[in-house]
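Work through the following exercises with the model open. Each task is followed by a solution in steps.

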Amino acid sequence: MLQGTLNRLVNAAILLVAVLVLNFTLIHIAPGDPVEAIVGEMGGATPEMIAQMRAQYGLDQPFIVQIGTYLGNVLTGDLGMSTYYSRPVTGLIAERIGATLLLVVTALLVALILGTVLGVFSARKRRSVLSHLVTVIALAGFSAPVFWVGIMLILLLSVSIPLLPISGMTSSSADLTGIAHVLDVLHHLVLPALTLATIYLAFYSRLSRASMLEVLGSDYIRTARAKGLPQRMVIYKHALRNAILPVVTFAGLQFGQLISGAVLVETVFAWPGLGTLAFESILRRDTPTLLGILFFSSMMVVVMNLLTDVVYRLVDPRIQAR
Amino acid sequence: MFAKPAIPFNRIVSAAFAATMATSALADGGTLTGYTSGYRTLNPAVQSGAATGAPGSQIFAGLVLVGKDYEIQPYLADSWTVADDALSVTFNLVDGATFHDGEPITSEDVKFSLEAVKANHPFGKAMFGKITEIDTPDPDTVVVHFSEPVPGFLYSLQPLLMPIIPEHIYGDGQELKTHPRNMENVVGSGPFRVVENNPAERLVLEKNPDFFIEGKPKLDRMVYPLVKDPLTRMLMLEKGDVDYAAFAGIRPTDWPRLERADGVEVTTDGYDAIGYVHYLELNLREKPFSDLAVRKALAHAIDTDFLAKVIFGGKTAAGTGPLHTGNPFYTADVEIYEPDLDLAAKMLDEAGYPVGADGKRFSFVLDVPSWAPQAHVPMAEYIQAQLAKIDIAVELRRAPDFGTWVKRIAAWDYDATMNGSFNYPDPIIGVHRHFDCDNIQNVIWSNTQGYCNPEMDKLLDAAAIETDPAKRMELYAQIQKLETEDLALIYMPQDFSVTVYRDDVKGLPDTPFGALAPFLDVTVGE
Amino acid sequence: MTDTTLAAPKPVSPSTQAWRMFRQNHAAVLGLAILLAIIVISLAGPFIYTVAPREMVWMPLTPPGQSEYVLGTDYLGRDLLAGLINGGRVTLAVGFTAALITVAIGITVGALAGFFGGRVDNLLMRVTEFFQVLPNLLFAMVVVMLFGADLLNISIAIGIVSWTSTARLTRAEFMRIREMDFVKAERSIGAANGRLIWKVILPNAAPPLIVVSALSIGTAILFEAGLSFLGLSDPNTTSWGRMIGDNRPYILDSPWGVTFPGLCIFLTVLAISLIGDGMNDAFNPKLRER
């Protein structure tokens, strides 16, 4: 098993280097570079100024040197300097990751818990109103563009009924500290988290329902029932434990894709997370930041895959036996 | 019950915690809340534009200020004398002025700043290219020498374009354009100092207690949260969460909403000196745009009044030529092209561009930059729809990012582009660059369209060194007339630049630089 | 395929049987009807309703029912109805093209990996893993930014980041069917690999793959909408996603420019999901109970 884990780690590392090479190459062959973006932003510059700045960012070097330097730096934990902010990319990511985590984790937890509950209940009573409701929620959540859901919620809960702030993470005009600050952030969190959770909920209710049905139909549950174990015990002790596996796996994978998942919602709500930073970096041609976020995202996926695997082994003894 | 907005949640929260904050609030001379759309640097010496300029003009002082009727007022220089031959200016600095770190501001810093701006600011050469020498006979005196008279020189010395920056910080040999101290631990010379700079969240400025003008500034704090989303801005303004927003970035259609809001004022004042104009830039090197008759036909086909009145809600003027209607040298006496599609079609027929077998006269790609979509996208969409009516196929190409667009235009590798630029108070800075034969460069916002008319050059050169205002006025009238005859650029509606503020904000600078002037007399509340 | 490979003679073909099952699923039939209606309107609409979608025809932000343009106008005074009709073409075109790319790559990779196993499988699964690790929307954004926002590039970008799950499913199906007797029988009479893959195994793996392919159209449409919403769309065409992005800043004055195109996307994807579910049930009668 140790050998297997080691293998997996090595594979993950190779995968990440490949991701770095691909990203770097793609962005390199594209027209335009960060200096042009800065020059534009500055309001123009002379050719000498431009040449000087290119040299400063090493953009005058041959491709192989550039990518070599970059890979070397990444290995030492240095993702380079943002060409827009003139600050280290690792610092920028560290500053923004909290907001994204807060949003995604909240949405994921809400969806996971609510989704599992709905899914399990509707699996137990297949012909009930609740069951049909779950089907409808799942279908609707699958079919609606997440950013549109966000806008509709803004229209409903910020504009028509002005209960919630329209966007941002804090009322930055007020200087709040302590509990007031926490409450303020939570207040801002409701809408974006709700939006994201709506979409996630569709997945989880459907998945846990299907999974639960499969487990309930399996032999060992029948056996358990046959043994005369109480219904609740069968459902919650035996069935749920197994039915939750695919749900956990899926949550892990989805969490790995958190930045991608959050881009649209963060954009709609101007949530200051990594998704908006990534989008802005594309628009500003801030290559080091963009590369850094792409790399970081891939790393998240890899790490989450490894973790999911571990959790899987813990929850399901059958896998361990293999 | 929901007709009137409920009390915002944050108000309730802040009320609950007001007790803890009251002690500090009592001594407050007022906090002004605005917003920013983000900036890459706080140092206006290396960056033009409002995003850096608005806070930059508060953080850094300049030698002079520009007053209401474009008169020059003392600032860090308490007096100056222009030599009779107009080839040198001697400045005397105010006594006891210091940077935010306590170091004195000396003539050496002024010299350093002038040279830094000349070398690093995009307009550095245009503004200070004729400076031959800068003398610093003593710490309070600066003498600037020129090779030729520079009539607009003093206008360039206000903080927006010529901030006084500390030599002991920036003179360490590091590249100024990307100097770390442009963003971190910024040491300025102006009325406000930086206390918090988190580009992802907000910028907080605080009164500089050692400012060289006694009793100023009046405000205690200025807070600029980062708000990019126009919708959010609009709601914040409407609710009164923002005290003051220059370059508010709202849509013309938002104006009526704001006018209905209680205690909120909207104004387009304060943008005259900046003079933000938009235009259609045609690459004059290639057919069909090298053909003046084609350009004239396009000018007849594009109804800029329609754009201004319908698309921009009548809140902005249709530009008539290179100068903004608020510029002191502006004239309306130029060549006007009445909107007339039939005439445009006829002109194209006569110019040798009849409708071909494919149903088109010709086709071209119109680039749409990414930096002013609220203006350029509607304009481009309109031009595309309008020219389709006279059988010209326009393909829009939206630049994915800023750099891509800059590269295309600066390399002259384009057919046509939507574009825009600032006039600045003196046309030498913002206007000459587009029409001077010598400025046909691979640099963005130079004469990228490749326009060259010796007659124009003669006029521009004369205007650049003419020190008599009346004669200069006449020269610029001729320049504007000639530009519209040649259609070097086809001017669109001017930018919808507005300031939105709450009516308890008093003492806003009512100068041509408005939003980008230091807030010395501004107060909030009582 | 020889008759001997089939277990027992059947009165009707499996597809006929599936269609019968499908027909009984009211939701799925409704989905099919909606989708067909949307396709017909998108294809024929512009010839019947001839208002140019990109021309400024009326005062901007006119609400529905206040002018001859029944659904009102957008922020530039363009007819929303014309925009919806013409935008549907683009959205559907990108949806179908991207789904085609997704399915083509996914099935090819999955089939080869599942059929050959061993090293080929190992290598192809590495490649699949690699693409799975890419942050999907972000990566698609970068690709569209780099290679230009035309419809083909957008479709390719969506395809590149979406094919991995199809590949995994195909691989699993192939691995399962590969070991079945009728495949072994074919192999024993010397059938070439190409024949085995495309003619023998693939048709038997088809039901779940068809369902996944159908659903991937919906996913692609949502993807396209997201990209367009962020401004990564062809500026010369109107799509539903782009309409939402363009009109979003004006929702305070007129929510219609956002509401209508969003509803269109919602309905289309919903219809596809219903059809997908219906097909799933039809192909797997024993699962219908769910």
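A salt bridge is a side-chain nitrogen of Lys or Arg within 4 Å of a carboxyl oxygen of Asp or Glu. The model is predicted: local features need pLDDT of at least 70 and side-chain atom pairs pLDDT 80 or more, while totals for chains, interfaces and linings use all residues. Residues are numbered from 1 along each chain as written, chains are lettered from A and ligands numbered from 1 in the order written, and side-chain values use heavy atoms, without hydrogens and water.

**Exercise 1. Salt bridges between strands of chain B**

Task: find the partner of B:E206 in a salt bridge and place both residues in the chain.

Solution.
- Step 1. The side chain of B:E206 meets that of B:R193 in a salt bridge, with 3.3 Å from N to O.
- Step 2. Strands are DSSP runs of E with at least two residues, helices are runs of H or I with at least four, and both are numbered from the N terminus. B:E206 belongs to strand β9 (residues 202-207) and B:R193 to strand β8 (residues 192-198) of chain B, so the pair ties together parts 13 residues apart in sequence.
- Step 3. Buried means under 20% relative accessible area, exposed over 50%, and partly exposed in between (1.4 Å probe, protein chains only). B:E206 is partly exposed at 26%, and B:R193 is partly exposed at 27%.

Task: treat the salt bridge of B:R397 and B:D367 in the same manner.

Solution.
- Step 1. The closest N and O atoms of B:R397 and B:D367 are 2.7 Å apart.
- Step 2. B:R397 lies in strand β15 (residues 392-398) and B:D367 in strand β14 (residues 362-368) of chain B, so this pair ties together parts that are 30 residues apart in sequence.
- Step 3. B:R397 is partly exposed, with 27% relative accessibility, whereas B:D367 is buried, with 0%.

**Exercise 2. A loop-to-helix pair**

Task: are B:D426 and B:R472 buried or exposed, and which parts of chain B do they link?

Solution.
- Step 1. B:D426 and B:R472 form a salt bridge whose closest N and O atoms are 3.0 Å apart.
- Step 2. B:D426 sits in the loop between β16 (416-422) and α14 (427-430), and B:R472 in helix α17 (residues 469-486); the pair links distant parts of chain B, 46 residues apart.
- Step 3. Both B:D426 and B:R472 are buried.

**Exercise 3. Two interfaces of chain C**

Task: describe the interface of chain B and chain C, then that of chain A and chain C.

Solution.
- Step 1. Contact means heavy atoms within 4.5 Å. Chain B brings 26 residues to its contact with chain C, which brings 19 residues.
- Step 2. Buried area is the accessible area (1.4 Å probe) that two parts lose on being put together, summed over both. Chains B and C bury about 2000 Å² between them, 58% of it on carbon and sulfur atoms. B:L231, B:E381 and B:R398 supply 27% of the area that chain B buries against chain C, more than any other three residues.
- Step 3. There are 4 salt bridges across the interface of chain B and chain C. B:E381 and C:R242 meet in a salt bridge, 2.7 Å from N to O.
- Step 4. For the other interface, 49 residues of chain A are in contact with 40 residues of chain C. Chains A and C bury about 4000 Å² between them, 75% of it on carbon and sulfur atoms.
- Step 5. The interface of chain A and chain C has 1 salt bridge. C:D277 and A:R206 meet in a salt bridge, at 2.8 Å from N to O.

**Exercise 4. Chain A**

Task: how many helices and strands does chain A have, and what share of its residues is buried?

Solution.
- Step 1. Chain A has 14 helices and 0 strands.
- Step 2. Of the 322 residues in chain A, 53% are buried.
- Step 3. Along the principal axes, the C-alpha atoms of chain A fill a box of roughly 85 × 60 × 40 Å.
- Step 4. Among contacts in chain A between residues at least 6 apart in sequence, 73% join residues at least 24 apart.
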